[in-house]
Amino acid sequence: MPDAFSRARLLFGADGMERLKRARVAVFGLGGVGGYVTEALARSGIGALDLIDDDRVCLTNMNRQILATTETIGRYKAEVARERIVTINPKAAVNIYKIFFGPDTAEEFDFARYDYIADAIDTVTGKLELVTRAQSAGTRIISCMGAGNKINATGWEVADIYQTSMCPLARVMRRELKKRGVKNLKVVYSKEPPMTPIDEEPENNCHSNCVCPPGAIRKCTQRRQIPGSNAFVPAVAGLIMAGEIIKDLIV
């Protein structure tokens, strides 16, 4: 009888689908990129997903984040993601952690338990901690570089961090990972030069008229510059990340 993953089985085979079913993948960050990573992993039959994000859905997430709807504003992204996954694959085991990942919270995770890690967080300190912890545990990881202030959805590539160019975040990561003795890291990145966001009128600017939901800890007002984004660039980056994870797991 056909099932939810019948079409995927035609490409990956029964053995490949069994590997995906047995896999446990952690997604750190459930925003514009991480939400689409999670969506594609769930629809590919990953058996266990750990989702890590302390943020709540904001009105300004609506233009690019798959978890953002008028019904989810103000709710924890991790909770929304878990509910969505269960409606796609009720047999999936979903664990959520409403935690801001960084050096102070890294001890709460056993990185050796994961078959793969998706890094979709946007702080350098968090990304560095995540990469070094994953590699120390011998766990495969893929990391997304900068997706903000870009409009070319066709510009994304998969490469080792030391083969990247143009991306400012990748440049910082190369320098800091080299200091830490990290010799390789699979990343998704774009060579498109970041645009400079257009200055908005005060009534439309998050700095002067914040619409973050009640309970939000890290508000836009704390950022020096609020990046521009769109519906397609983060989504493409997230889907590419998920595709790399799936291909690596079924081998």
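What radius of gyration would a compact globule of 251 residues have, and what value does the protein have? For a chain of 251 residues, the expectation for a compact globule is near 18 Å, and the protein has 18 Å, which agrees. The structure considered here is a predicted model. Its C-alpha trace spans about 55 × 45 × 35 Å along the principal axes. Half of the chain is shielded from solvent by the criterion applied, as 50% of the 251 residues count as buried. Among contacts between residues at least 6 apart in sequence, 69% join residues at least 24 apart.

The secondary structure comprises 6 helices and 7 strands. In sequence order, these elements follow the pattern α-β-α-β-α-β-β-α-β-β-α-β-α.

In soluble globular proteins, nonpolar side chains tend to be buried together. In the present model, the largest nonpolar core contains 44 residues, and those with the most contacts inside it are Leu 41, Ile 46 and Leu 51. Helix α6, which covers residues 233-250, gives the most to this core, with 9 residues. When residues up to four places away in sequence are not counted, Ile 46 touches Leu 20, Ala 23, Val 25, Leu 41, Asn 89, Ala 92, Ile 246 and Leu 249. A second core, separate from the largest, consists of 29 residues and includes Ile 52, Ile 99, Met 145 and Leu 185.

Asn 89, one of the residues touched by Ile 46, also belongs to the lining of the second largest pocket. This pocket has a volume of about 380 Å³. Its lining is made up of 16 residues, of which Asp 3, Phe 5, Lys 21, Asn 89 and Lys 91 lie nearest the centre. By class, the lining has 8 nonpolar, 3 polar and 5 charged residues. Helix α1 (residues 6-22) gives the most to the lining of this pocket, with 5 residues.

Positive phi values were found for two loop residues that are not glycine, Asn 149 and Met 166. Asn 149 has a phi of about 60° and is placed in the loop between β5 (140-144) and β6 (156-160). With a relative accessible area of 12%, Asn 149 is buried, because buried denotes a value under 20%. For Met 166, phi is near 75°; this residue is found in the loop between β6 and α5 (168-179). Met 166 has a relative accessibility of 46% and therefore counts as partly exposed.

Methods. Residues numbered from 1 in each chain as written. Predicted model: local features only at pLDDT ≥ 70, side-chain atom pairs only at ≥ 80, totals over all residues. Heavy atoms only, no water. Core = buried A, V, L, I, M, F, W, Y, C linked by side-chain atoms within 4.5 Å. Buried < 20%, exposed > 50% of the residue type's maximum accessible area, 1.4 Å probe, protein only. Helix = DSSP H or I, 4+ residues; strand = E, 2+ residues; numbered from the N terminus. Contact = heavy atoms within 4.5 Å. 1 Å grid on protein atoms, 1.4 Å probe; cavity = no way out; pocket = protein on both sides within 12 Å on 5 of 7 lines; lining within 4 Å. Points joined across faces, edges and corners; volume = space filled by probe spheres on them. Nonpolar A, V, L, I, M, F, W, Y, C, P; charged D, E, K, R; others polar. Rg over C-alpha atoms; globule rule 2.2 N^0.38 Å.
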